[in-house]
There are 2 protein chains.
Amino acid sequence: MDLDERKQIILKAIIKTYLETGEPVGSRTISKYTDLNLSSATIRNEMADLEEMGYILQPHTSAGRIPSDKGYRLYVDELIREKDQEVLDIKEMVITKTDRLEKMLKQVVKVLASNTNYASMITAPTIHRNALKFIQLSKVREDQLLAVVVVEGNLLKNKIIELNEPIDEESVLKLNLLLNNELCGKPIGEINLDMITKMKLQAGMHSQIVGSVVDAVAETIKPDEEDRAVYTSGANNIFRYPELADTQTASELISTFENKSELADMLGEFQDDDEESTGIQVYIGDETSVKTMKDCSVVTANYDLGNGMRGTIGIIGPKRMDYANVVDNLKTLKTQLDSVFNEKGK
Amino acid sequence: MDLDERKQIILKAIIKTYLETGEPVGSRTISKYTDLNLSSATIRNEMADLEEMGYILQPHTSAGRIPSDKGYRLYVDELIREKDQEVLDIKEMVITKTDRLEKMLKQVVKVLASNTNYASMITAPTIHRNALKFIQLSKVREDQLLAVVVVEGNLLKNKIIELNEPIDEESVLKLNLLLNNELCGKPIGEINLDMITKMKLQAGMHSQIVGSVVDAVAETIKPDEEDRAVYTSGANNIFRYPELADTQTASELISTFENKSELADMLGEFQDDDEESTGIQVYIGDETSVKTMKDCSVVTANYDLGNGMRGTIGIIGPKRMDYANVVDNLKTLKTQLDSVFNEKGK
DNA sequence: TATTAGCACTCCAAAGAGTCGAGTGCTAAC
DNA sequence: GTTAGCACTCGACTCTTTGGAGTGCTAATA
């Protein structure tokens, strides 16, 4: 059988209607719905075909039809192709520049949640190819050093280093010089064991400190493996959609949404970015591999703040989701995020 | 009428049973329940009295009785008095010392949630009387300084200061000296306008920087007024309790729970600490002033890490809550938190 | 006088019966 | 190929029935 144009129109009509109402769509509704003046009986025949092809399904005999995952997929693919051509008029979602990356991310995810009415999340960017900008060791106490590591993009990491023995100011100065000379300007990925060993040699009795500083650098680029930074907002939005609001489902979703590391893993998987063109990915039902989300769709976009700091922003909602609006919002936010550092030169 | 001993025993039995089952308790249940061998009829008479006195109520005629807020209050007060005398055997809830305060708080709140099966939260400590320990300005770029402020207890704050004009290394050194001389060792509360003006004078053309550093200090002690750090865990636990799990209530609670600033406000109110003895406070129903929580009880404890860093830890659950267990857990965690810095001398 | 047995009464929850209507598939006619 | 028409299906809703848990009251009992 062939998915001819008329079938496509009908399918699209079914999906659109279902997105709005959340109720199974009957043949009569479609027959009244649209330009193609067909009787409900004809529609019924076509619907039977569409069902056979797997694009729609019937919750029970004598109910209307609802889209299957396959149906959604077709619809979404089409939608994204269209959006791709559209010139995006950037709505003014104000991303004020704050010096704290964290605040900005929290703000962005709040905006997304309130614009879309879906549960939203964003991962803090991970660093891919940034250069070290600056290292500062300071003596805080006789046997305690504070290490501050600054990476391009003004990402900071502090570490308190406990020493086995006291250290004098002069040695601290020397270490500072040594570390900055050797490491500054180097992309983090290029720091290797050779360099570390060389520095440790030069540091002499203070080689322990070099090790600790390198650890701090490592931590900077690999933030909290176990507990990766993901910010969320609008979890309660899932209660807007009856199909997710029953106790069982809601509980599972809230739980998943609270478990940042699971979210991070999920969003991490999406980083591959197949569709280079827009960077928007849509995962319908089981496509996410997180089983609590089998009744959900997840839409994500990867952003790149510049300087190789990349993260993912996305929403979770019911399968009958206002995909068009979500894609718009994500594209806009992505565009803005992409230009945060680039344009402002911050 | 008088709340004699027998009435008290019956009331306690009713509450205990209700805490376990969540269903109205009938006279027959109590009659079988306990030592006082009384027939259900007698119990019924007593129940009628208890109802008249306001300790219990009937959801509808011909249903059993459930505790009223007044009843809970009596029960809880009693409980806390008992617990107060008990020598608390500290279960080994491992609070591993991590150098990152944040991680520790997240861990603690997770422990609490999983031990109690209630939604849990903890506020990051606010600083009350800490002394400044260390200030470090570093030149990151020609027109950019990095300020690091360390407060007793190794709390850190970074701030990037954008300059209007370039600055030379020597000036940075001078500023460092000036700031450390003037401010180090001083309790933050004591830094006043006089001192700031004086420093600005001495800094001459770089007075702008002094201002920025002072700002950073201020930020350190007043972390994100608008968006205070509160960590939560176990939000999905509310679904365990049918009386909170209906869509409406759950949605509101999740929403409240996500709104950190509202939580912070609420927990902040509890800081007064009336009951110095244990520091455990229980708020039943409307006692919290947060209207979404009218069907909940909130139990909190204030902790003091030492160094005047105080915060609040607490749980939210249904009124029929296992108060005994919750109080135990809170007391244990409070004790551990109180000794984190003191004992380890960290 | 306090306690208890017994009884009539209340009311909710669950189960069952009936109705409605939206929607279908199929057939025959256009 | 399209459509009108019809019998059929099935969930949603309403109404009723039933059972049981629980009560309050009264009269008998210790």
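Visitor: What makes B:R6 and a phosphate oxygen of DNA strand C a polar contact?

Guide: A polar side-chain atom of B:R6 lies 2.8 Å from that phosphate oxygen. A polar contact is a pair of N or O atoms within 3.5 Å (within protein, one must be able to donate a hydrogen and the other to accept it, and residues adjacent in sequence count only if both atoms are side-chain atoms), so this pair qualifies. One thing to know early: this is a predicted model, where local features need pLDDT of at least 70, side-chain atom pairs count only at pLDDT 80 or more, and totals for chains, interfaces and linings use all residues. Residues are numbered from 1 along each chain as its sequence is written, chains are lettered from A and ligands numbered from 1 in the order in which they are written, and side-chain values use heavy atoms, with hydrogens and water left out.

Visitor: Which atoms of B:S39 and B:S62 reach DNA strand C?

Guide: For B:S39 a polar backbone atom sits 3.1 Å from a phosphate oxygen. For B:S62 a polar side-chain atom is 2.9 Å from a base oxygen. Both distances are within the cut-off, so these are polar contacts too.

Visitor: What makes a residue count as near DNA strand C, and how many surround the strand?

Guide: A residue is near if one of its heavy atoms lies within 4 Å of the strand. That gives 20 residues, and the closest are A:S27, B:R6, B:T42, B:T61 and B:S62. Of the strand's atoms within 4 Å of the protein, 80% belong to sugar or phosphate and the rest to bases.

Visitor: Which element gives the most to the surface near DNA strand C?

Guide: That's α3(B), with four residues. Helix α3 (40-53) of chain A and α3 (40-53) of chain B each supply at least two residues there. Helices (H or I, at least four residues) and strands (E, at least two) are DSSP runs, numbered from the N terminus.

Visitor: How many residues of each class are on the surface near DNA strand D?

Guide: There are four nonpolar, 12 polar and four charged residues. Ala, Val, Leu, Ile, Met, Phe, Trp, Tyr, Cys and Pro count as nonpolar, Asp, Glu, Lys and Arg as charged, and the others, Gly among them, as polar. Around this strand, A:R6, A:T42, A:T61, A:S62 and B:S27 come nearest of the 20 residues, and sugar and phosphate account for 78% of the strand's atoms within 4 Å of the protein.

Visitor: How far is the side chain of A:R44 from a base oxygen of DNA strand D?

Guide: An N or O atom of the A:R44 side chain is 3.2 Å from that oxygen, so the pair meets the polar-contact rule. A:T61 also qualifies, with a polar side-chain atom 3.3 Å from a phosphate oxygen. Here α3(A) gives the most to the nearby surface, with four residues.

Visitor: Why is the pair B:D49 and B:K7 called a salt bridge?

Guide: A salt bridge is a side-chain nitrogen of Lys or Arg within 4 Å of a carboxyl oxygen of Asp or Glu; this pair is at 3.4 Å, N to O, so the name fits. The partners come from distant parts of the chain: B:D49 from helix α3 and B:K7 from helix α1 (residues 5-21), 42 residues apart.

Visitor: Is B:K7 buried or exposed?

Guide: Buried means under 20% relative accessible area, exposed over 50%, and partly exposed in between (1.4 Å probe, protein chains only). At 6%, B:K7 is therefore buried, while B:D49, at 21%, is partly exposed.

Visitor: What separates B:D338 and B:K334?

Guide: They are four residues apart in helix α12 (residues 323-338) of chain B, which means about one helical turn. Their closest N and O atoms are 3.6 Å apart, so this is a salt bridge as well. B:K334, at 19%, counts as buried.

Visitor: How many salt bridges does the rule find across the interface of chain A and chain B?

Guide: Zero, though the structure holds 29 over all chains. The interface does have six residue pairs in polar contact, both residues at pLDDT 80 or more.

Visitor: How many residues take part in the contact between the chains?

Guide: Contact means heavy atoms within 4.5 Å, and it takes 34 residues from chain A and 35 residues from chain B. Together the chains bury about 3,000 Å², 56% of it on carbon and sulfur atoms. Buried area is the accessible area (1.4 Å probe) that two parts lose on being put together, summed over both.
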